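Here's a quick briefing for anyone meeting this structure for the first time. Have a look at the sequence and the model, then read on.

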Amino acid sequence: MDFNDRLKEAINSQKMPLPTSIGLPGTAESASFYAMPGGQVTREYMDGEKDVALAYEYVIHSQDQEAANDQLWQVQNYLETLTDLDSQDSSYQFGGISITSKPAFSQAEEPGFFYWVVDFTANLTTFK
């Protein structure tokens, strides 16, 4: 399923200061998203198709708190209004994204880096 790649491309098309990658944040300034525990099948069809709700976290690791917060809100607003995200390998149908926690400060670490996060759920129909 190519959902993660399509979502990364869509977010990066918005020309944010920090480009978005898939996976855990790096040790330098970075923005990324990754799957979280709690995703689930919400409906299963006899032909093998499934409606799934996949939990994700988008995180920014930065020393610039204001810039990180600004980008996080921009990403959250973009995700909330995203209505079309086509699969290139026909593995899913996009059903929308729900924000499950608004952008927030998560933690501080040495030397002066901060984590900012927003959690969201992607609603997809996956094909066998």
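What follows covers the fold, the surface and the core.

This is a predicted model, where local features need pLDDT of at least 70, side-chain atom pairs count only at pLDDT 80 or more, and totals for chains, interfaces and linings use all residues. Residues are numbered from 1 along each chain as its sequence is written, and side-chain values use heavy atoms, with hydrogens and water left out.

**Fold**
- The chain has 2 helices and 6 strands, counted as DSSP runs (helices: H or I, at least four residues; strands: E, at least two) and numbered from the N terminus.
- Starting at the N terminus, the order is α-β-β-β-β-α-β-β.
- The C-alpha trace spans about 55 × 25 × 25 Å along its principal axes.

**Surface and charge**
- About 7000 Å² of the chain is exposed, and carbon and sulfur atoms supply 48% of it (Shrake-Rupley method, 1.4 Å probe).
- Of the 128 residues, 44% are buried, meaning under 20% relative accessible area (1.4 Å probe, protein chains only).
- There are 7 positive side chains and 19 negative ones, with Lys and Arg counted as positive, Asp and Glu as negative, and His and the chain ends not counted.

**Core**
- The largest nonpolar core (buried Ala, Val, Leu, Ile, Met, Phe, Trp, Tyr and Cys joined through side-chain atoms within 4.5 Å) holds 30 residues, and Phe3, Leu7, Tyr58, Leu79 and Ile97 touch the most other members.
- Strand 6 gives the most to this core, with 6 residues.
- Beyond its neighbours within four places in sequence, Leu7 is in contact (heavy atoms within 4.5 Å) with Phe33, Leu79, Leu82, Leu85, Ile97 and Phe120.

Technical notes: Buried < 20%, exposed > 50% of the residue type's maximum accessible area, 1.4 Å probe, protein only. Charge placed at Lys NZ, Arg CZ, Asp CG, Glu CD.
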